[in-house]
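Visitor: Could you take me through one part of this model at close range? I would like to look at the aromatic side chains and what lies around them.

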Amino acid sequence: HLVDRVLPVAQYRQWVLTFPWELRLTLAMNRGLLSEMLRVFMLSLFSWQRKRGRALGIRGETGAVTFIQRFGGALNTNPHFHSIVPDGLFSEGEDGRLAFVALPQPTEEDVEGFTNRLVSRLNKIAAGYCLDREGIRPDNDDEVSMMRAAAYEAQKVPLTGEHANGKTLQGKKPLCGRQDGFTLHAARVVRANDREGLERLCRYGLRAPFALERFSVDPDGKVKYRLPRPWPTPTGKTELEFEPQALLRRLSALMPGPYLNLTRYHGLFANRSRFREKLPPPRPPN
């Protein structure tokens, strides 16, 4: 539905924004902060795209679909954004219709420079928020205390001896900016004629926190969860082990709160009805 009805034919780039370890619990609890971080991320990215276009004599607008994921690969609390953004601008022609104009692939320096400017803005926003905003009640409330404790516990990656705080051993990835614990990755591109690839990318953004077929139960009652790939640590851990109640606490922290929309639309795609007649069709011509 998303690919066939919303996303017009264009080349797309996935932008993945992850947050510092110390900020993840607050983001998991505070929907206001989460939404504000996404809003500033999109405004900054759109402004950066338009600036790059103007430097080439291209004027236009863009849009995005963002999938908010609250989990990491180890069933840990890790709110982050997967944003599907046209890799260019939609420029208005003489007939009034919008046509996609691709921009050159950003360089390593482009991504690093944009990351530094973005993180500066996000740090200012994070400094002005606390858990008591957006309806979060004081810590002495039993329900909120339990929810916060579960979210805190789910931050930990249960790989004894692998690493102490959830950080893994990773080398420098292409088109990846890092600053103050924030990471912005922009290497994944889907070509304009690859609608199946675009659908796979959207399905990845919409996936569930876990796969049932990866769970198993030991004779002693402990639950094991097989990782989709070996953990990027020296010993290459392949599975996690939980006590049943610990697993339930962990999974409960990954569930979104009521009325929290995990799929967000911005720019041209947020005003699809307004631009329906101007945008290219969402299906390539036969």
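Visitor: To begin with, does Trp48 count as buried or exposed?

Guide: Happy to look with you, and please keep in mind that this is a predicted model. Trp48 counts as buried, with a relative accessibility of 9%. Its ring has a partner in Trp15: the two centres are 5.7 Å apart and the planes stand at 85°, so this pair is edge-to-face. A plane angle over 60 degrees is what earns that label. Trp15 belongs to strand 1 (residues 12–18) and Trp48 to helix 3 (residues 31–55), so the pair ties together parts that are 33 residues apart in sequence. Trp15 is buried too, at 1% relative accessibility. Trp48 also has a charged neighbour, since Arg52 lies over the face of its ring, 4.9 Å from the ring centre.

Just ahead of helix 3 is Asn30, placed in the loop that runs between helix 2 (24–29) and helix 3. Asn30 is buried, at 0% relative accessibility, and its side chain reaches the backbone nitrogen of Gly32 at 3.0 Å.

Strand 1 and helix 3 meet again at helix 4: the buried residues of helix 4 pack against strand 1, helix 3, strand 6 (176–179) and strand 7 (182–190). Helix 4 covers residues 108–127, which is 20 residues, and spans 28 Å from first C-alpha to last, close to the 28 Å expected at 1.5 Å a residue. Its buried residues are Val111, Phe114, Thr115, Leu118, Val119, Leu122, Ile125 and Ala126. Viewed down the axis of helix 4, these fall within an arc of 140°, so they line one face of the helix. The background is simple: an α-helix has 3.6 residues a turn, so residues three or four places apart point the same way. Exposed on the other side of helix 4 are Glu109, Lys124 and Ala127.

Back to the rings, where the count comes to 9 aromatic pairs. Another of these is Phe210 with Phe215, whose centres are 5.7 Å apart with planes at 70°, so this pair is edge-to-face. Here both rings belong to partly exposed residues: Phe210 has a relative accessible area of 26%, and Phe215 has 22% relative accessibility. Phe19, Phe41, Phe81 and Phe182 form one aromatic cluster. Finally, there is a further charge over a ring, with the charged end of Arg207 sitting over Tyr204 at 3.9 Å from the ring's centre.

How values were computed:
Residues are numbered from 1 along each chain as its sequence is written. This is a predicted model: local features need pLDDT of at least 70, side-chain atom pairs count only at pLDDT 80 or more; totals for chains, interfaces and linings use all residues. Side-chain values use heavy atoms; hydrogens and water are left out. Rings of Phe, Tyr and Trp (its six-membered ring) pair if their centres lie within 6.5 Å; planes under 30 degrees apart count as stacked, over 60 as edge-to-face and the rest as tilted. Helices (H or I, at least four residues) and strands (E, at least two) are DSSP runs, numbered from the N terminus. Buried means under 20% relative accessible area, exposed over 50%, partly exposed in between (1.4 Å probe, protein chains only). A charge sits over a ring if NZ of Lys or CZ of Arg is within 6 Å of the ring centre and within 35 degrees of the ring normal. A polar contact is a pair of N or O atoms within 3.5 Å; within protein, one must be able to donate a hydrogen and the other to accept it, and residues adjacent in sequence count only if both atoms are side-chain atoms. The expected span of a helix is 1.5 Å times one less than its number of residues. The arc is that of the directions from the helix axis to the C-beta atoms. Contact means heavy atoms within 4.5 Å.
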